[in-house]
Every structure is written in C-alpha cells, then in structure tokens.
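User: Could you take me on a close look at the surroundings of the first ligand in this model? I would like one connected account rather than a list.

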Amino acid sequence: MGDRRPSVVLTGFMGTGKTTVGRVLAERLGYEFVDTDAIIVDRHGPITEIFAEHGENHFRTLEREVAAELAERDGLVVSTGGRMLVDPVNADVFERHHVVVALTATPDTIFLRVGGDRAAESRPMFAGTDVRSRIAELLAERSAAYARFHQVATDDRWPNQIADEIVALVDHVTADDTRRPT
Ligand SMILES: Nc1ncnc2c1ncn2[C@@H]1O[C@H](COP(=O)(O)OP(=O)(O)O)[C@@H](O)[C@H]1O
Ligand SMILES: O=C(O)C1=C[C@@H](OP(=O)(O)O)[C@@H](O)[C@H](O)C1
Ligand SMILES: [Mg+2]
C-alpha cells in the first residue's frame, strides 16, 4: 500500500463496541475518528426520527452515500453502523482501498451492551420486539456477511486490549499487501 495510510473500518453487530473501540484505535494510530451514525445524525437528525419519518430504506440510502464519501479518504478510523457493511455495495467500496475489521460478541454480551430489554424503546431495529429474539434473528441474517472480514472478539476484554489487537492485525495485513506484486 506504499506511503498510503489506508483507513481502518470497523463493522459488526450493534453493541460489539465499534464506536467505543474506534475512538481508542484512532488515538493509538493518530488517525481521525469518524462514526457513520454520528455523521448521519449531524446531517439529518436522530436515527429514530429518520426511521419513523422516512423508513429504514431511506436510512440505508443515507448510509450508502456516507460510505461512498468516506471511502475516498485515507487515514481515518471509521466506525460504521451495524448494518452498513452487510450491504455488499458498501463492503466493496471500503475493501477496495482500506482494511475492514469485524468486531464480534456473543448474543448475551450484545444484549447487555445494547441496554437489555430497554433497547425495544431506544433502538429502531428493536422497536416493539423481544430484544433477545430479535438479536438472534438479526445475527442469523447478518453473520455470513460479517464473516467475509477479519474478526476480532470483544467479550470480556477492555476497549484498549481490543484496539491493541486491531493495531497488530492492521500491521500484519498492510505488511502482507506491500509484499504482494502490483
Ligand atoms: N469492550 C467492552 N467492554 C465493555 N463494554 C463495552 C465494550 N465495548 C463497548 N462497550 C459498551 O457497550 C455499549 C455499546 O458500545 P458501542 O461502542 O456504542 O457499540 P456499537 O457502536 O458497536 O453499537 C456502550 O455502552 C459501551 O460503553
Ligand atoms: O445494526 C443496525 O441496523 C443499526 C445499527 C446502529 O449502529 P451501531 O451498530 O453503532 O449501534 C445504527 O446504525 C442504526 O440504529 C441501525
Ligand atoms: Mg456505534
């Protein structure tokens, strides 16, 4: 990858810690931190309102716009929303020039980290559902999509330990790339 500083893009299910770990990782690497949900909220208002007023598909369109825009830039740590890279268009756009890492966690950890049963009121993907069943259902739908990326487990580990593992992984992956003939 020469003198480029490919961005590091974090994906994974809600509650795997993308936003939390992304901040620590950006600090470690000296990269700018961006969170795709925060960008969408800045531009278009709260995610719950986007879902309520315009529907999920509209939110997914906004995600595609942000993915295309951020993929043009290097030297970022990009924490994505949990479904952004399940969309193969977004996955391709980032994988072309950047390193994508999927954070993983067990359903029990995810349940606790999304706020337990209260997620049915606070998060649009859980609105009015049984949160544990919905986590199982969405994981079943999405796991194959996350599996295409490098995986880092987050259960029972602090964000700084997870960030350290990602730094080592990124070093390894980018070193491999510079050895590859162009
Ligand atoms: N490694 C971790 N250990 C303990 N709690 C964590 C960890 N990573 C994230 N959390 C907590 O879980 C919740 C969801 O984290 P967040 O970073 O918003 O996840 P995501 O962006 O993947 O949805 C937050 O309350 C956060 O403090
Ligand atoms: O997985 C999803 O469908 C979503 C995950 C959220 O981001 P986090 O994964 O950062 O919580 C946010 O983009 C939106 O509520 C939808
Ligand atoms: Mg997040």
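Analyst: Happy to; what follows starts at the ligand and then moves outward through the residues around it. Please keep in mind that this is a predicted model.

Ligand 1 is surrounded by 15 residues, and the closest of them are Gly17, Lys18, Thr19, Thr20 and Arg113. By type, this shell holds four nonpolar, eight polar and three charged residues. Two helices, α1 (18-29) and α9 (159-179), each contribute at least two residues to the shell. The largest share, three residues, is that of α1.

Let us walk along the chain through three of those closest residues. Gly17 sits in the loop between β1 (8-12) and α1. Gly17 counts as buried because 25 C-beta neighbours fall inside 10 Å, where the cut-off for buried is 20 or more. Setting aside neighbours within four places in sequence, the contacts of Gly17 are Leu103, Thr154, Pro159 and Ile162.

Next comes Lys18, which belongs to helix α1. Lys18 is buried too, since 29 other C-beta atoms lie within 10 Å. If residues up to four places away in sequence are left out, Lys18 touches Leu10, Thr11, Gly12, Ser79, Thr80 and Leu103. So Leu103 turns up as a contact of both Gly17 and Lys18.

Thr19 is also in helix α1, but its environment reads differently: with 18 C-beta neighbours inside 10 Å, Thr19 counts as partly exposed. Beyond its neighbours within four places in sequence, Thr19 is in contact with Asp35 and Ser79. Ser79 is thus a contact of Thr19 and also one of those listed for Lys18.

Lys18 and Thr19 bring in a second ligand as well. The residues that surround ligand 2 are Met14, Lys18, Thr19, Asp37, Ile47, Gly81, Gly82, Arg83, Arg123, Pro124 and Met125. Its shell divides into four nonpolar, three polar and four charged residues.

How does this fit with the record? In an unreviewed entry, UniProt places the feature "binding site" at Gly15, Thr16, Gly17, Lys18, Thr19, Thr20, Arg123 and Arg157. These positions span 143 residues in sequence and their farthest two C-alpha atoms are 24.3 Å apart, so they do not all gather at one spot. Among them, Gly17, Lys18, Thr19 and Thr20 are listed with the closest residues to ligand 1, while Arg123 is in the shell of ligand 2.

One step further out, strand β4 (residues 99-104) is worth a visit, with Val101 as the guide. Val101 counts as buried because it has 22 C-beta neighbours inside 10 Å. Its C-alpha atom is separated by 6.1 Å from that of Thr11, although the two residues are 90 residues apart along the chain. Not counting residues up to four places away in sequence, Val101 touches Val8, Leu10, Phe149, His150, Val152, Ile166 and Leu169. Leu10 therefore links the two descriptions, as a contact of Val101 and of Lys18, and Thr11 likewise is touched by Lys18.

Notes:
Residues are numbered from 1 along each chain as its sequence is written. Chains are lettered from A and ligands numbered from 1 in the order in which they are written. This is a predicted model: local features need pLDDT of at least 70, side-chain atom pairs count only at pLDDT 80 or more; totals for chains, interfaces and linings use all residues. A residue is near a molecule or strand if its C-beta atom, placed from the backbone, lies within 6 Å of it. Helices (H or I, at least four residues) and strands (E, at least two) are DSSP runs, numbered from the N terminus. Ala, Val, Leu, Ile, Met, Phe, Trp, Tyr, Cys and Pro count as nonpolar, Asp, Glu, Lys and Arg as charged, and the others, Gly among them, as polar. A residue is buried if 20 or more other C-beta atoms lie within 10 Å of its own, exposed if 12 or fewer, and partly exposed in between; C-beta atoms are placed from the backbone. Two residues are in contact if their C-beta atoms, placed from the backbone, lie within 7 Å. UniProt positions are given in the numbering used here, feature names are shortened, and annotations may be inferred rather than shown by experiment.
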